[in-house]
Amino acid sequence: YFGKNTWVYLDGEFVKADSTVIDLFGQSLHYGYSAIEGIRAYNTHNGTRLFRAEQHYDRLRHSCKQTGIAFPWETDLLVDKTYQLLEKNNLRSAYVRPLVTTGHNMYLTPASDSSIVITAWEWGPFLGTDLIRTTLSPFERPNPKSVPVDAKISGHYVASIMATTEATKRGFDEAILLDSNGYVAQASSNNLFIEKDTVLYTPSLGHIFPGITRQTVLEIAKIFNIEVMEKQISTEELKAADSAFLTGTATGIVGIAGVDDTTFPEEWGDTLGATMQRAYKNLTLEKENYEVII
Ligand code: PMP
(Lines give C-alpha, C1' and ligand atoms only; values in the text may rest on other atoms or scores of the structure.)
Protein backbone atom coordinates (compact mmCIF):
# COMPACT_ATOMS: atom_id res chain seq x y z
CA TYR A 1 0.00 0.00 0.00
CA PHE A 2 2.92 2.39 0.10
CA GLY A 3 2.93 2.54 -3.69
CA LYS A 4 5.86 4.42 -5.17
CA ASN A 5 3.51 5.54 -7.87
CA THR A 6 1.24 7.46 -5.49
CA TRP A 7 1.06 11.23 -5.35
CA VAL A 8 2.56 12.92 -2.35
CA TYR A 9 2.43 16.57 -1.33
CA LEU A 10 5.95 18.00 -0.99
CA ASP A 11 6.66 21.62 -0.08
CA GLY A 12 3.87 23.14 -2.11
CA GLU A 13 3.67 20.68 -4.98
CA PHE A 14 2.12 17.34 -5.78
CA VAL A 15 4.78 14.91 -6.99
CA LYS A 16 5.06 11.17 -7.47
CA ALA A 17 6.53 9.35 -4.47
CA ASP A 18 9.30 7.75 -6.53
CA SER A 19 10.51 11.14 -7.80
CA THR A 20 11.34 12.40 -4.31
CA VAL A 21 14.80 12.25 -2.80
CA ILE A 22 16.05 11.77 0.72
CA ASP A 23 18.72 14.05 2.17
CA LEU A 24 21.52 11.62 2.98
CA PHE A 25 23.24 14.25 5.10
CA GLY A 26 20.25 15.39 7.12
CA GLN A 27 19.58 15.39 10.84
CA SER A 28 16.18 13.79 10.31
CA LEU A 29 17.57 10.59 8.86
CA HIS A 30 20.62 10.38 11.09
CA TYR A 31 19.16 11.52 14.42
CA GLY A 32 15.42 10.84 14.11
CA TYR A 33 14.96 14.62 14.24
CA SER A 34 11.67 14.96 12.41
CA ALA A 35 8.02 15.27 13.39
CA ILE A 36 5.07 13.23 12.18
CA GLU A 37 1.31 13.08 12.43
CA GLY A 38 -1.28 10.40 11.77
CA ILE A 39 -4.69 11.50 10.55
CA ARG A 40 -7.58 9.43 9.24
CA ALA A 41 -9.95 10.22 6.42
CA TYR A 42 -13.31 8.44 6.55
CA ASN A 43 -15.69 7.65 3.75
CA THR A 44 -18.79 9.27 5.25
CA HIS A 45 -22.25 9.96 3.82
CA ASN A 46 -21.02 13.58 3.54
CA GLY A 47 -18.12 12.42 1.35
CA THR A 48 -14.51 11.89 2.35
CA ARG A 49 -13.89 13.64 5.64
CA LEU A 50 -10.69 14.04 7.61
CA PHE A 51 -11.32 13.57 11.32
CA ARG A 52 -10.11 16.53 13.39
CA ALA A 53 -7.49 17.45 10.79
CA GLU A 54 -6.99 20.95 12.23
CA GLN A 55 -6.21 19.50 15.63
CA HIS A 56 -3.69 17.09 14.09
CA TYR A 57 -1.88 19.81 12.13
CA ASP A 58 -1.88 22.06 15.19
CA ARG A 59 -0.28 19.20 17.12
CA LEU A 60 2.32 18.83 14.36
CA ARG A 61 3.09 22.54 14.75
CA HIS A 62 3.36 21.98 18.51
CA SER A 63 5.68 18.96 18.06
CA CYS A 64 7.96 21.09 15.86
CA LYS A 65 7.88 24.05 18.21
CA GLN A 66 8.77 21.82 21.17
CA THR A 67 11.84 20.53 19.39
CA GLY A 68 12.97 23.62 17.48
CA ILE A 69 11.92 22.43 14.00
CA ALA A 70 10.71 25.28 11.77
CA PHE A 71 7.01 25.05 10.86
CA PRO A 72 6.13 27.90 8.50
CA TRP A 73 2.83 26.43 7.15
CA GLU A 74 -0.73 27.46 7.93
CA THR A 75 -3.01 24.71 9.22
CA ASP A 76 -5.81 25.62 6.77
CA LEU A 77 -3.49 25.27 3.80
CA LEU A 78 -2.30 21.86 4.95
CA VAL A 79 -5.85 20.62 5.49
CA ASP A 80 -6.79 21.87 2.05
CA LYS A 81 -3.78 20.19 0.43
CA THR A 82 -4.55 16.95 2.25
CA TYR A 83 -8.04 16.85 0.73
CA GLN A 84 -6.51 17.50 -2.69
CA LEU A 85 -3.97 14.74 -2.11
CA LEU A 86 -6.72 12.23 -1.28
CA GLU A 87 -8.56 13.21 -4.42
CA LYS A 88 -5.44 12.89 -6.59
CA ASN A 89 -4.86 9.39 -5.21
CA ASN A 90 -8.52 8.42 -5.50
CA LEU A 91 -8.70 7.65 -1.82
CA ARG A 92 -12.09 7.77 -0.12
CA SER A 93 -10.81 6.58 3.21
CA ALA A 94 -7.16 6.69 4.16
CA TYR A 95 -4.46 7.06 6.74
CA VAL A 96 -2.60 10.33 6.22
CA ARG A 97 0.99 10.72 7.35
CA PRO A 98 2.51 14.21 7.31
CA LEU A 99 6.26 14.30 7.98
CA VAL A 100 8.39 17.37 8.68
CA THR A 101 12.09 16.88 8.08
CA THR A 102 14.90 19.31 8.68
CA GLY A 103 18.60 19.94 9.11
CA HIS A 104 20.93 19.56 6.15
CA ASN A 105 23.94 19.20 8.41
CA MET A 106 25.53 16.77 10.84
CA TYR A 107 25.72 19.10 13.83
CA LEU A 108 23.25 19.00 16.68
CA THR A 109 21.85 22.51 16.33
CA PRO A 110 18.46 23.15 14.71
CA ALA A 111 18.35 24.27 11.09
CA SER A 112 16.27 27.26 10.05
CA ASP A 113 14.56 25.49 7.18
CA SER A 114 12.37 22.43 7.02
CA SER A 115 10.40 20.43 4.53
CA ILE A 116 6.93 18.90 4.71
CA VAL A 117 5.76 15.84 2.90
CA ILE A 118 2.23 14.44 3.19
CA THR A 119 1.58 10.85 2.17
CA ALA A 120 -1.65 8.87 2.31
CA TRP A 121 -2.65 5.27 1.82
CA GLU A 122 -5.53 2.95 2.51
CA TRP A 123 -5.03 1.24 5.85
CA GLY A 124 -7.24 -1.05 7.91
CA PRO A 125 -7.37 -0.85 11.71
CA PHE A 126 -3.78 -0.88 12.96
CA LEU A 127 -4.31 -3.67 15.50
CA GLY A 128 -7.18 -5.41 13.74
CA THR A 129 -10.70 -5.61 15.13
CA ASP A 130 -10.45 -8.57 17.54
CA LEU A 131 -9.65 -8.23 21.22
CA ILE A 132 -5.90 -8.04 21.71
CA ARG A 133 -3.66 -9.65 24.31
CA THR A 134 -1.18 -7.34 25.97
CA THR A 135 1.85 -7.65 28.20
CA LEU A 136 3.65 -5.31 30.56
CA SER A 137 6.78 -4.25 28.73
CA PRO A 138 10.30 -4.27 30.17
CA PHE A 139 10.73 -1.01 28.20
CA GLU A 140 9.63 2.26 29.81
CA ARG A 141 7.93 5.23 28.21
CA PRO A 142 10.51 7.90 27.35
CA ASN A 143 11.17 10.14 30.33
CA PRO A 144 9.65 13.65 29.95
CA LYS A 145 12.82 15.05 31.52
CA SER A 146 14.87 13.83 28.57
CA VAL A 147 12.49 14.35 25.62
CA PRO A 148 9.18 16.17 25.12
CA VAL A 149 6.87 13.15 25.27
CA ASP A 150 3.87 15.17 24.07
CA ALA A 151 5.62 15.75 20.74
CA LYS A 152 5.30 13.23 17.93
CA ILE A 153 8.98 13.00 17.06
CA SER A 154 10.26 10.22 14.81
CA GLY A 155 13.12 9.24 17.12
CA HIS A 156 10.67 8.48 19.95
CA TYR A 157 9.37 5.52 17.97
CA VAL A 158 12.53 3.49 18.47
CA ALA A 159 11.26 2.83 22.01
CA SER A 160 7.82 1.89 20.63
CA ILE A 161 9.33 -0.51 18.10
CA MET A 162 11.49 -2.13 20.78
CA ALA A 163 8.49 -2.62 23.08
CA THR A 164 6.17 -4.01 20.40
CA THR A 165 8.85 -6.30 19.01
CA GLU A 166 9.64 -7.68 22.46
CA ALA A 167 5.92 -8.22 23.19
CA THR A 168 5.16 -9.98 19.92
CA LYS A 169 8.23 -12.22 20.36
CA ARG A 170 6.61 -13.45 23.57
CA GLY A 171 3.33 -14.11 21.73
CA PHE A 172 1.39 -10.99 22.70
CA ASP A 173 -0.22 -8.51 20.34
CA GLU A 174 0.92 -5.33 22.03
CA ALA A 175 3.03 -3.93 24.86
CA ILE A 176 1.89 -1.77 27.75
CA LEU A 177 4.62 0.55 28.98
CA LEU A 178 5.06 1.93 32.47
CA ASP A 179 6.31 5.44 33.10
CA SER A 180 9.54 6.21 34.92
CA ASN A 181 7.64 6.22 38.26
CA GLY A 182 6.31 2.71 37.68
CA TYR A 183 2.74 3.71 36.83
CA VAL A 184 0.90 2.38 33.80
CA ALA A 185 1.36 4.84 30.93
CA GLN A 186 0.10 3.56 27.59
CA ALA A 187 0.72 1.09 24.77
CA SER A 188 3.49 1.55 22.18
CA SER A 189 1.42 3.85 20.00
CA ASN A 190 -1.99 3.96 21.68
CA ASN A 191 -3.49 5.39 24.83
CA LEU A 192 -5.07 3.17 27.45
CA PHE A 193 -8.37 3.20 29.32
CA ILE A 194 -9.53 0.77 31.96
CA GLU A 195 -13.01 0.23 33.33
CA LYS A 196 -13.71 -0.58 36.98
CA ASP A 197 -17.19 -0.59 38.54
CA THR A 198 -18.67 1.34 35.57
CA VAL A 199 -16.12 4.15 35.82
CA LEU A 200 -13.44 4.74 33.19
CA TYR A 201 -9.86 5.52 34.20
CA THR A 202 -7.01 6.70 32.00
CA PRO A 203 -3.45 7.73 32.91
CA SER A 204 -3.17 11.48 33.40
CA LEU A 205 -1.03 13.69 31.16
CA GLY A 206 2.66 14.03 31.92
CA HIS A 207 4.32 10.85 30.73
CA ILE A 208 1.84 9.84 28.03
CA PHE A 209 1.34 11.07 24.50
CA PRO A 210 -1.83 13.21 24.55
CA GLY A 211 -3.84 11.35 21.95
CA ILE A 212 -6.62 13.04 20.03
CA THR A 213 -8.63 9.81 20.19
CA ARG A 214 -8.14 9.78 23.97
CA GLN A 215 -9.45 13.36 24.08
CA THR A 216 -12.38 12.36 21.87
CA VAL A 217 -13.26 9.50 24.24
CA LEU A 218 -13.22 11.94 27.15
CA GLU A 219 -15.64 14.17 25.22
CA ILE A 220 -17.95 11.30 24.27
CA ALA A 221 -17.98 10.10 27.88
CA LYS A 222 -19.08 13.54 29.02
CA ILE A 223 -21.98 13.54 26.58
CA PHE A 224 -22.96 10.02 27.64
CA ASN A 225 -22.64 10.88 31.33
CA ILE A 226 -19.99 8.24 31.82
CA GLU A 227 -17.63 9.07 34.63
CA VAL A 228 -13.94 9.21 33.63
CA MET A 229 -11.02 9.84 35.92
CA GLU A 230 -7.58 10.84 34.72
CA LYS A 231 -5.16 9.54 37.33
CA GLN A 232 -1.99 7.56 37.96
CA ILE A 233 -2.81 3.88 37.50
CA SER A 234 -0.80 1.12 39.16
CA THR A 235 -0.16 -2.26 37.58
CA GLU A 236 -2.36 -3.80 40.31
CA GLU A 237 -5.24 -1.52 39.32
CA LEU A 238 -4.74 -2.43 35.68
CA LYS A 239 -4.88 -6.15 36.44
CA ALA A 240 -7.94 -5.72 38.65
CA ALA A 241 -9.88 -3.91 35.89
CA ASP A 242 -13.22 -5.20 34.60
CA SER A 243 -12.17 -4.37 31.04
CA ALA A 244 -9.74 -2.18 29.11
CA PHE A 245 -9.21 -0.71 25.67
CA LEU A 246 -6.69 1.19 23.55
CA THR A 247 -7.29 4.34 21.54
CA GLY A 248 -5.47 5.89 18.61
CA THR A 249 -6.04 7.32 15.16
CA ALA A 250 -4.65 4.34 13.27
CA THR A 251 -6.21 1.85 15.68
CA GLY A 252 -9.52 3.48 16.48
CA ILE A 253 -10.76 1.79 19.63
CA VAL A 254 -9.75 -1.80 20.25
CA GLY A 255 -10.65 -3.96 23.24
CA ILE A 256 -8.04 -5.70 25.37
CA ALA A 257 -8.63 -9.32 26.36
CA GLY A 258 -6.10 -9.20 29.19
CA VAL A 259 -2.62 -8.37 30.43
CA ASP A 260 -0.07 -11.16 30.81
CA ASP A 261 -1.80 -13.94 32.83
CA THR A 262 -4.82 -11.82 33.69
CA THR A 263 -7.96 -11.98 31.56
CA PHE A 264 -10.44 -9.18 32.09
CA PRO A 265 -13.74 -10.61 33.35
CA GLU A 266 -16.32 -8.44 31.60
CA GLU A 267 -17.76 -9.60 28.28
CA TRP A 268 -16.49 -7.06 25.69
CA GLY A 269 -19.96 -6.35 24.30
CA ASP A 270 -21.11 -5.22 27.75
CA THR A 271 -18.19 -2.88 28.43
CA LEU A 272 -17.99 0.90 28.33
CA GLY A 273 -15.20 0.37 25.81
CA ALA A 274 -17.66 -1.27 23.41
CA THR A 275 -20.01 1.70 23.87
CA MET A 276 -17.12 4.05 23.12
CA GLN A 277 -16.13 1.98 20.11
CA ARG A 278 -19.63 2.31 18.61
CA ALA A 279 -19.85 6.03 19.42
CA TYR A 280 -16.41 6.74 17.97
CA LYS A 281 -17.29 4.90 14.79
CA ASN A 282 -20.52 6.87 14.43
CA LEU A 283 -18.68 10.10 15.14
CA THR A 284 -15.93 9.54 12.60
CA LEU A 285 -18.48 8.43 10.00
CA GLU A 286 -20.52 11.56 10.80
CA LYS A 287 -23.68 9.67 11.61
CA GLU A 288 -26.54 11.95 12.69
CA ASN A 289 -26.47 13.71 16.07
CA TYR A 290 -22.72 13.42 16.44
CA GLU A 291 -21.93 16.84 14.95
CA VAL A 292 -22.24 18.35 18.41
CA ILE A 293 -18.82 17.17 19.45
CA ILE A 294 -16.86 17.43 16.22
N1 PMP B 1 0.61 7.31 21.78
C2 PMP B 1 1.54 7.35 20.82
C3 PMP B 1 2.96 7.14 21.18
C4 PMP B 1 1.15 7.58 19.50
O5 PMP B 1 2.07 7.60 18.53
C6 PMP B 1 -0.21 7.76 19.19
C7 PMP B 1 -0.66 7.93 17.77
N8 PMP B 1 -0.38 9.21 17.30
C9 PMP B 1 -1.15 7.74 20.23
C10 PMP B 1 -0.70 7.51 21.51
C11 PMP B 1 -2.60 8.00 19.97
O12 PMP B 1 -2.77 9.33 19.55
P13 PMP B 1 -3.95 9.76 18.60
O14 PMP B 1 -5.21 9.33 19.28
O15 PMP B 1 -3.85 11.24 18.52
O16 PMP B 1 -3.75 9.08 17.31
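Begin at the ligand: by class, the shell of residues around it holds two nonpolar, 11 polar and two charged residues, where Ala, Val, Leu, Ile, Met, Phe, Trp, Tyr, Cys and Pro count as nonpolar, Asp, Glu, Lys and Arg as charged, and the others, Gly among them, as polar. What you have open is a predicted model, in which local features need pLDDT of at least 70 and side-chain atom pairs count only at pLDDT 80 or more, while totals for chains, interfaces and linings use all residues. To make selections, use numbers that run from 1 along each chain as its sequence is written.

Stay at the ligand and select Phe209, Gly211, Ile212, Thr213 and Thr249, which come nearest of the 15 residues around it; a residue counts as near if its C-beta atom, placed from the backbone, lies within 6 Å of the molecule. Next, colour helix H5 (212-223) and strand S14 (243-248), each of which supplies at least two residues of this shell, with H5 giving the largest share, three residues. Helices (H or I, at least four residues) and strands (E, at least two) are DSSP runs, numbered from the N terminus.

Now move to helix H7, residues 272-284, and select its buried residues, Leu272, Gly273, Met276, Gln277, Ala279, Leu283 and Thr284. Here a residue is buried if 20 or more other C-beta atoms lie within 10 Å of its own, exposed if 12 or fewer, and partly exposed in between, with C-beta atoms placed from the backbone. These buried residues of H7 pack against several elements, including S4, H5 and S14, where contact requires C-beta atoms, placed from the backbone, to lie within 7 Å. Just after H7, look for Glu286, which takes a positive phi of about 55°.

For another helix, select H3 (residues 75-88), where Leu78, Thr82, Leu85 and Leu86 are buried. They lie on the same side of H3 because they cover an arc of only 95° around the axis, the arc being that of the directions from the helix axis to the C-beta atoms. On the other side of H3, Asp76, Leu77, Asp80 and Glu87 are exposed.

Finally, zoom out and colour domain 1 (7-121) and domain 2 (132-284), as the domain assignment gives them, with bounds that come from an automatic or database assignment. The contact between them takes 21 residues from domain 1 and 11 residues from domain 2. On the side of domain 1 that touches domain 2, the largest share, seven residues, comes from H2.

How values were computed: Contact = placed C-beta atoms within 7 Å.
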